[in-house]
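Student: Hey, I've got this one open and don't know where to start. Can we go through it together?

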Amino acid sequence: MLPTSIDDPPTQKYLLESLSDRDRLYLMFDLLHDSFLDDVGRALGYAGKSLHPDADFRLLDGACGEGLHAAEIGKHHPRAEVVAFDRDPEAMQTAPLAFAQPNVRYLLHDAQEPLPADVTRGFDVAQLRFCLTHLTDPLRALGHLRDALRPGGVLYLIDPRADAFDYDHPSMRVLSDAIMRSWEHFGTSAAGERQAPLLAQAGFEILDSAPQDHVAGGTTEHGKGIMKLIIETARSTRKALVETTKLISGDEFDEHLRRLALPENPPRVGRCRFQVTFARNP
Ligand SMILES: C[S@@+](CC[C@H](N)C(=O)[O-])C[C@H]1O[C@@H](n2cnc3c(N)ncnc32)[C@H](O)[C@@H]1O
């Protein structure tokens, strides 16, 4: 399932089925698109640049998935130059085919390794959206991103906080506890809360660090979409929870997911909470 257009992404079509990892990224793009533009606009502002259509800036998009955000910036900012990388070979094969833009370069690359020598350094802004959780050595990755920025360049991170799934439902409590307990086996747990300390350790100057809240559930399309994103994110952890860490049985896991997705009257409302931190390379 591809977004029909990066300008007019449909949310409705995602609400019924279980989603593949790829569809989950598309749903996330649809839902977080406006806040993405706010985030990247703020980062550019801190770096003395702007998101004006004529603006010239250099953006490094780390762990870009299939490059939806990179392609959007490239398309609407023809004078910008974007380098977008991900360690997933399939994503990096798809991106230049599905989301090609003349001013966007896609690169198969692991954030924990130094950037290849043929990538010119001196980026104005680097972004690492929803990646810190996956990193076993986040400090190393932040160091490489700092090397890629010009002095005064800005890195921003967005990641889930420990209270990311703030939705008062018994099944959400069980799943969210299991996810939090399992995460230290796979990468950086409670990544949202660790952004600022890690960035300071990597030599960055913290500019701002604050939670970003989204309504989950309720009656609006956006709230329903965020709830769908929460359920699908939980579903994507099944193997880790059931097979790898064995924190919960498969039947129990499936039953909690089923209960979470049941319609309620009136619809329950909660919050989904990320942390966004902006930091400067001094
Ligand atoms: C949740 S997705 C976020 C994608 C994109 N940043 C977005 O906001 O839509 C996480 C991405 O991080 C990538 N990733 C995880 N660890 C990585 C690493 N060490 N280096 C580069 N990419 C990584 C995954 O392949 C995946 O595409």
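Student: How many residues surround the ligand, and which are the closest?
Tutor: Keep in mind that this is a predicted model. In it, 17 residues surround the ligand. The closest are A63, D86, D110, A111 and R129.

Student: OK, take A63. Which atom of the ligand is 2.7 Å from a polar backbone atom of A63?
Tutor: A nitrogen atom of the ligand. A111 also uses its backbone: one of its backbone N or O atoms lies 2.8 Å from a nitrogen atom of the ligand.

Student: And D86, what does the ligand have 2.6 Å from an N or O atom there?
Tutor: An oxygen atom. For D86 the N or O atom in question sits in the side chain.

Student: Back to A63 for a sec. Is its phi positive or negative?
Tutor: Positive, at about 55 degrees, although A63 is not a glycine. Most residues other than glycine have a negative phi.

Student: Where is A63 found?
Tutor: In the loop between strand 1 (58-62) and helix 2 (68-76).

Student: New topic: peptide bonds. Which kind joins N265 and P266?
Tutor: A cis one, with omega about 0 degrees. Most peptide bonds are trans. P266 lies in the loop between helix 9 and strand 7 (269-280).

Student: Let's do helices, then. What numbers do people use for two packed helices?
Tutor: The angle between their axes and the distance between the axes. Try helix 7 (residues 221-235) and helix 9 (residues 250-261): they pack at about 175 degrees, with axes 11 Å apart.

Student: Why are they called roughly antiparallel?
Tutor: Angles over 145 degrees count as roughly antiparallel, so helix 7 and helix 9 get that label.

Student: Which residues make that contact?
Tutor: M227, I231, A234 and R235 come from helix 7, while helix 9 brings F253, L257, L260 and A261. By class, the contact of helix 7 with helix 9 has seven nonpolar residues, no polar ones and one charged.

Student: What about helix 5 and helix 9, at what angle do they cross?
Tutor: Roughly 135 degrees, and the axes of helix 5 (residues 170-183) and helix 9 come within 9 Å. That makes helix 5 oblique to helix 9.

Student: Left-handed or right-handed crossing?
Tutor: Left-handed for helix 5 passing helix 9. On the helix 5 side you'll find S171, M172, V174 and L175, which meet F253, H256, L257, R259 and L260 in helix 9. That contact of helix 5 with helix 9 splits into six nonpolar, two polar and one charged residue.

Student: One more pair: how do the axes of helix 4 and helix 6 cross?
Tutor: At roughly 60 degrees, and the axes of helix 4 (residues 138-148) and helix 6 (residues 191-201) come within 9 Å. These two helices are therefore oblique to each other. The crossing of helix 4 and helix 6 is right-handed.

Student: And which residues meet there?
Tutor: P138, L139 and L142 in helix 4 meet L198, L199 and Q201 in helix 6. The contact of helix 4 with helix 6 has five nonpolar residues, one polar and no charged.

Methods:
Residues numbered from 1 in each chain as written. Predicted model: local features only at pLDDT ≥ 70, side-chain atom pairs only at ≥ 80, totals over all residues. Heavy atoms only, no water. Axes fitted to C-alpha atoms, helices over the stretch in contact; angles between N-to-C directions. Helix = DSSP H or I, 4+ residues; strand = E, 2+ residues; numbered from the N terminus. Parallel < 35°, antiparallel > 145°, perpendicular 65-115°, else oblique. Left-handed = near helix turned anticlockwise from the far one by under 90°. Contact = heavy atoms within 4.5 Å. Nonpolar A, V, L, I, M, F, W, Y, C, P; charged D, E, K, R; others polar. Near = heavy atom within 4 Å. Polar contact = N/O pair within 3.5 Å; in protein donor to acceptor, adjacent residues only side chain to side chain.
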